[in-house]
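Good morning, colleagues. Thank you for giving me a few minutes to present a structure that is new to most of you. Please take a moment to look at the sequence and the model.

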Amino acid sequence: MSATSYSGVLSQTKLLGSNLNCSTHRRFPTSCRLSEGSLDLEKSTSRVFLSSCSSTSDKRNGMLGRSHHCSTIEKRNPVGQTFCSLGVCTHSRVDVESNSHATEERVGVLLLNLGGPDTLDDVQPFLFNLFADPDIIRLPRLFRFLQKPLAKLISVFRAPKSKEGYASIGGGSPLRKITDEQADALKMALEAKNMPVNVYVGMRYWYPFTEEAIQQIKRDRITRLVVLPLYPQFSISTTGSSIRVMQNIFREDAYLSRLPVSIIKSWYQREGYIKSMADLIEKELTIFSKPEEVMIFFSAHGVPVSYVENAGDPYKDQMEECIYLIMQELKARGTFNEHTLAFQSRVGPVQWLKPYTDEVLVELGQKGVKSLLAVPVSFVSEHIETLEEIDMEYKELALESGIENWGRVPALGCTSSFIMDLADAVIEALPSATAMSTSRNTSEAVDQDPMRYVIKMFFGSILAFVLLLSPKMLVAFRNKLF
């Protein structure tokens, strides 16, 4: 493990219109810093705190972790409201036992994201991790032991096409770099609000994995943790999957099982987020010669319909409410453009949320829409779904369908107002931190029954033999899934 550390003296500060500036991945902002002069130091009333800060890069057994550290010797209460924002998940309260030698509180913030391959060689193992997740491909319990073999099969078939996509945006995903920059910006924003924290990044399907970030949190002896998924809307396939991983780890660890945790499950309704989205849309509309004629086209990542109808996923309802709130904010500012919502990135033979982005683009062209502004509403960072799928595939399809003027709103990235609102969300959520539940649910308990496992293996193996060794079934599977 390598680490770079520094110590310094922090004065109480008051935030005065701080400005987070960003460099760009291609043409969209990702790299962040606070502009000089954005903080007003109240020298006459300042209290001095000795702080110890570090940025840690950890690599063991092929697992990489990144954390952004800042702790203070003197314990201070957080600034801001003491109530929880909408979407904060709480559990029965159990206090963490404090070490006799520890007098300071160590607050941690864990940012959760999807992850992405850093190089083209990483694409196939990344896809395997993705499809091996039972929250992505939901198999009946009897056949769940086939999850990994099926994930291997799908990842091998899909890797060549996916590599082409990643090659077109530079040979890998920029998601890790952008998320690290968001973590740095959030840490600075919280420090400006007199809340020193350690900020960690945990990816679900690639480095740095969520599991490694959690182990770093344990090593740092964090005393209270806020979990902030970088997905505005909740879905069992994104935030839900990462929370499940956390619960499994925390349940098996004596220290973590007592750690007070507050999970911000969704934050699409937050005023700061809504206004930040409206700001970006307004700015991009000014690029068009006739802004009032532009169709605002919200494109969200889709999920299978079964997630919503059978598993109770609130994603569709939250997405529709999010679009309503953004449009209400735009109307309050005098922007009355028409808008529509569609869902992208579907895969496989099952039905996904409709309408589909590609089909709607063709329909809009046929209806005579000439100017369109694409808004990637479910993404806060640039990655392959924005840089390749929207910027290349959907743009080309739109122009072929008769749309003449194309624009795209950048992802929020490190936008100042967005980062500051995330900092406020952390401050508001912290007082509700309680220990995560350690109970095992019924389905997990059933899976531990050895006789049931033998029965599942027997009948599942017969089904796997029929499916995987039948040439007709294999050809049909490949055609429908890829």
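I shall begin with the chain as a whole and then turn to one helix, the nonpolar cores and a single glutamate.

Please keep in mind that this is a predicted model. The secondary structure of the protein chain comprises 14 helices and 17 strands. The chain has 482 residues, and 51% of them are buried. If we consider contacts between residues at least 6 apart in sequence, 82% of these join residues at least 24 apart.

Let me now turn to helix 11, which covers residues 416–429. Is this helix enclosed or open to its surroundings? Twelve of its 14 residues are buried, so helix 11 is largely enclosed by the rest of the structure. Among the buried residues are Ser416, Phe418, Leu422 and Val426, and also the charged residues Asp421 and Glu428. As to length, 14 residues at 1.5 Å a residue should span 20 Å, and the end C-alpha atoms of helix 11 are indeed 20 Å apart, which agrees.

Which helix packs against helix 11? Helix 3, residues 175–192, does so at an angle of about 65°, with the two axes 9 Å apart. The crossing of helix 3 and helix 11 is right-handed. On the side of helix 3, the contact is made by Gln182, Ala185, Leu186, Ala189 and Leu190. Helix 11 contributes Phe418, Ile419, Met420, Leu422, Ala423, Val426 and Ile427. By character, eleven residues of this contact are nonpolar, one is polar and none is charged.

This brings me to the nonpolar cores. In soluble globular proteins, nonpolar side chains tend to be buried together. Here, the largest nonpolar core has 83 residues, and the members that touch the most others are Phe250, Tyr273, Ile281, Phe298 and Val377. Helix 11 supplies the largest share of this core, with nine residues. Leaving aside residues up to four places away in sequence, Phe250 touches Ile214, Leu225, Leu256, Ser257, Leu259, Val261 and Met436. Another core, of 20 residues, lies apart from the largest one, and includes Val123, Leu139, Ile154 and Phe209.

Finally, I should like to mention Glu320, which is located in helix 8, residues 315–332. Its relative accessibility is 37%, and Glu320 therefore counts as partly exposed. Between Glu320 and Leu341 there are 8.0 Å in space, C-alpha to C-alpha, although the two are 21 residues apart in sequence.

Thank you for your attention.

Terms used: Residues numbered from 1 in each chain as written. Predicted model: local features only at pLDDT ≥ 70, side-chain atom pairs only at ≥ 80, totals over all residues. Heavy atoms only, no water. Axes fitted to C-alpha atoms, helices over the stretch in contact; angles between N-to-C directions. Helix = DSSP H or I, 4+ residues; strand = E, 2+ residues; numbered from the N terminus. Left-handed = near helix turned anticlockwise from the far one by under 90°. Contact = heavy atoms within 4.5 Å. Core = buried A, V, L, I, M, F, W, Y, C linked by side-chain atoms within 4.5 Å. Buried < 20%, exposed > 50% of the residue type's maximum accessible area, 1.4 Å probe, protein only. Expected span 1.5 Å × (residues − 1).
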